[in-house]
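Let's take a walk through this structure together, with the sequence and the 3D view side by side. We will begin at the ligand and then move out into the sheet.

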Amino acid sequence: MAQLRQVEDEPDSPAPDSFGLFVRGRGFLRRRLGLAVTRMRHRRVTFGDRCDVRSGARFLVSRNAEVRFGSGCVLDRGFTLESRGRLVVGERTVFGHHCTVASARDVQIGRDCLFGEFVSVRDHDHAFAQSGTAIIDQGRVIAPVHIGDNVWIGAKATVTRGVTIGANTVVGAQAVVTRDLPANCVAVGVPARVVRHRDTRSTATH
Ligand SMILES: CC(C)(COP(=O)(O)OP(=O)(O)OC[C@H]1O[C@@H](n2cnc3c(N)ncnc32)[C@H](O)[C@@H]1OP(=O)(O)O)[C@@H](O)C(=O)NCCC(=O)NCCS
């Protein structure tokens, strides 16, 4: 409740003066130009309008991969993407700095999701069943990852192969998600477990 009051008490930001408008306009142009350059450099990736791809983003995309970001996505500094398969991200999803998303076959992320910094999402692991063979020679185990709309994943969390996270769910910082999580819940810890369900009728901020 205290947190809610704090949000309500925040003063409205003052209307920008002409210098503020100039700065905003410059930022807008920089993002538009940046997106044009990113599209040219990474032709195997489809970016919707108004995507904001910040410095140090890396895209390792093989020829047959399908990679799409909806409009208004933000990929903060040091974002890393590896794809040999399908990777689809919905509109307005935001990745904090140094997130990694890797798709060997199928990763789907909904719209309006928020990823804290250093989050890792992968649909594959190294196979390691044979103890007498180097793990590096044992290939991969692959299973799709699906993350619903409006999911918030806290900083440094990891989502492992084969996991589905339902819409509107919150995953705590540093969690390791190894099993499916339902929609509308809060899950924390290693491995991530549901600690409560969210009241979706509520208009509160959390
Ligand atoms: C999960 C989170 C959103 C809090 O959600 P909440 O529903 O308000 O949960 P609560 O604070 O009531 O905590 C519920 C329980 O989970 C525990 N918990 C909360 N966050 C946890 C975390 N990240 N890891 C492990 N346990 C956690 C609490 O200690 C509490 O345990 P208890 O019932 O034994 O006391 C918050 O703790 C969090 O991790 N935020 C992510 C912050 C972040 O990474 N931001 C990056 C920028 S996007």
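Which strands each supply at least two residues of the shell around the ligand? They are strand S21, residues 185-188, and strand S22, residues 193-197. Please keep in mind that this is a predicted model.

**Around the ligand**

The ligand is surrounded by 14 residues, and the closest are Gly116, Gly154, Ala155, Gly172 and Ala173. Sorted by class, this shell holds 7 nonpolar residues, 6 polar ones and 1 charged one.

**The chain as a whole**

Stepping back, the protein chain contains 2 helices and 22 strands. Its C-alpha atoms fill a box of roughly 70 × 45 × 25 Å along the principal axes. The chain has 206 residues, of which 27% count as buried. If you look at contacts between residues at least 6 apart in sequence, 18% join residues at least 24 apart.

**A parallel sheet**

Six of the strands make an open sheet in the order S1-S4-S7-S10-S15-S18, with parallel pairing. Strand S1 (45-47) and strand S18 (164-165) stand at the edges with a single partner strand each, so one side of each has no neighbour in the sheet. In general, the strands of a sheet pair through backbone hydrogen bonds, either parallel or antiparallel.

Here are three of the pairings, each with one pair of bridge partners:

| Strand pair | Bridges | Bridge partners |
|---|---|---|
| S1 and S4 | 3 bridges, parallel | Val45 and Val67 |
| S7 and S10 | 4 bridges, parallel | Val89 and Ile109 |
| S10 and S15 | 3 bridges, parallel | Val107 and Val145 |

Strand S10 (residues 106-109) deserves a look of its own, since its side chains alternate. Val107 and Ile109 point to one face and are buried, whereas Asp106 and Gln108 point to the other face and are not. Those two buried residues also appear in the table: Ile109 is the bridge partner of Val89, and Val107 has Val145 as its partner in S15.

**A closer look at Arg68**

Arg68 belongs to strand S4, residues 66-69. Is Arg68 buried or exposed? Arg68 is partly exposed, because 14 other C-beta atoms lie within 10 Å; a residue counts as buried at 20 or more and as exposed at 12 or fewer. Beyond its neighbours within four places in sequence, Arg68 is in contact with Thr46, Val88 and Val89. Gly48 is 20 residues from Arg68 along the chain, and the C-alpha atoms of the two are separated by 7.8 Å.

Terms used: Residues are numbered from 1 along each chain as its sequence is written. This is a predicted model: local features need pLDDT of at least 70, side-chain atom pairs count only at pLDDT 80 or more; totals for chains, interfaces and linings use all residues. A residue is near a molecule or strand if its C-beta atom, placed from the backbone, lies within 6 Å of it. Ala, Val, Leu, Ile, Met, Phe, Trp, Tyr, Cys and Pro count as nonpolar, Asp, Glu, Lys and Arg as charged, and the others, Gly among them, as polar. Two residues are in contact if their C-beta atoms, placed from the backbone, lie within 7 Å. Two strands pair if DSSP finds at least two bridges between them.
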